[in-house]
Amino acid sequence: MNFNSIIEKKKKNIELNESEINFLIEGFLNNKIKDYQMSAFLMAVYFNNMTKNELYFLTNAMIRSGKKYDLEGVEGPIADKHSTGGVGDKTSLIYAPLVASFGIKVAKISGRGLGKTGGTIDKLESCTGWTSLISEEEFNSNVKNKYISIIGQSENIVPADKVLYALRDVTGTVDSIPLIASSIMSKKLAVRNTSIILDVKVGSGAFMQNIDDALLLANTMIEIGNLYNRNVSVILTNMNFPLGRSIGNALEVKEAWETLNGNGCTSLEEISTTAAAITLLDNGIFNDYKIACEEINKVIKSKKAANLLKEFVINQNGDFDKIINYDDNFKTKNVIEIRSEKKGYLNYDSNSIGNLSLNLGAGRETKEDKIDFASGIYLNKLPNEFVNENEIIFTLYTNKDSVEIFKNMSHECYKITDNKNESDLILKIISKNYNL
Ligand code: URA
């Protein structure tokens, strides 16, 4: 077998077999297949797509490149959730304690933020001391005894995805549906779980800009999950506007805490409750969606889920009091109020908001950049809310001095219109157990 014969086949859209795909992935990891050769393969996939068999072989080869987490000794339902990435998306921090309140364990590999989208690991690190660097034994024990544990994508978890993603990033092949689907699913399947819920974001602040591409990605990931006999459900959610009121790391943990204490905004509560309810259905805790949502509301009211978030952070060494006493702990040099120039209904653009937040210091442009946990944006007014002239629309928090630049960038982030521009928050739910 050699690379030339494989690339010739892929170029002519002839299906590759398992040993050819293994040869590619193993060869690339062993440096026998070079970057320029793999780039050609990725571009051929970009244009010619992958068959169901090829997707299965590729995902399998990626999983086999690293370690599998079997969660030895952990019994009962184990859930995972993944978001394809959005602006202000702190849903995982709300979802995990919600499902854990019903005895479902959450074992999750999370990522860091890059570009305008945030990452769960960065958000949690705003609780000083919190660490994702725990041993497999600690991970198992946390999941077993504390019901929630989150680790980062270390060197040994799907290493093939790490190197392939880095190459895709510089060869214009990130936005290929089979490559995104196999990349996400290989990480979800490397951990033993009984259900996976995927939140595929659609809109200006997301990878998938339209519903057709999002549906294709969703169905491709479900297909991969089915090949592994995993229970995979998907929600397609709107990312034309940011989720919730806060964008930025510590701000988002605070908002998750407030939401679990019953003081969240409707959009964030709705997506978190929907994802959690589907997980409860997928694991047979309830068989009626409406009842699952009602029971979730009860654990919010009782503060049970809020306490589980706090315990989880403390258990992985984080200082949660920093979030509880937020105003004493997260101060920024500059607090900039952005006010409306006229009255009308507010429309946000999540892509511009994400970029502004990144520039304020809340994100990183390259992997080496350092995050400023206190910086970010607070939306005083929510999407589609009516604003009067000169009202505060949103507030910027930053330790950087480019105040005028940030004010100018703010104008790209919103429009004020005479009419509401309402669009659905949850665009579609694909789950065999969803029954509304
Ligand atoms: N997230 C991933 O993990 N992989 C992709 O390819 C895109 C988003």
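Reader: In what order do the 3 strands of the open sheet come?

Author: Keep in mind that this is a predicted model. The pairing in this open sheet is antiparallel. Reading across it, the order is β10-β8-β12.

Reader: Which strands stand at the edges of that sheet, and why is one side of each left without a neighbour?

Author: Each edge strand has a single partner strand, so one of its sides has no neighbour in the sheet. The two in that spot are β10 (386-387) and β12 (414-417).

Reader: What is the bridge partner of glycine 344 in β10?

Author: Strand β8 covers residues 344-348, and 2 bridges join it to β10. The two strands run antiparallel. For glycine 344, the partner in β10 is valine 387.

Reader: Okay, on to the domains: how many residues does domain 1 bring to its contact with domain 2?

Author: Domain 1 spans 3-48, while domain 2 is made of 78-323 + 425-430. Their centres, taken over C-alpha atoms, are 32 Å apart. Domain 2 puts 13 residues into the contact, and domain 1 puts in 10 residues.

Reader: How many salt bridges does the rule find across the interface of domain 1 and domain 2?

Author: The two domains bury about 980 Å² between them, with 85% of that on carbon and sulfur atoms. Residue pairs in polar contact, both at pLDDT 80 or more, come to 0. For salt bridges, the count is also 0.

Reader: Which element gives the largest share of the side of domain 1 that touches domain 2?

Author: By class, that side has 8 nonpolar, 1 polar and 1 charged residues. Both α2 (18-29) and α3 (35-48) supply at least two residues of it. The largest share, 7 residues, comes from α3.

Key
Residues numbered from 1 in each chain as written. Predicted model: local features only at pLDDT ≥ 70, side-chain atom pairs only at ≥ 80, totals over all residues. Heavy atoms only, no water. Domains from an automatic or database assignment. Contact = heavy atoms within 4.5 Å. Buried area = accessible area lost by both parts, 1.4 Å probe. Salt bridge = Lys/Arg side-chain N within 4 Å of Asp/Glu carboxyl O. Polar contact = N/O pair within 3.5 Å; in protein donor to acceptor, adjacent residues only side chain to side chain. Helix = DSSP H or I, 4+ residues; strand = E, 2+ residues; numbered from the N terminus. Nonpolar A, V, L, I, M, F, W, Y, C, P; charged D, E, K, R; others polar. Pairing = 2+ DSSP bridges.
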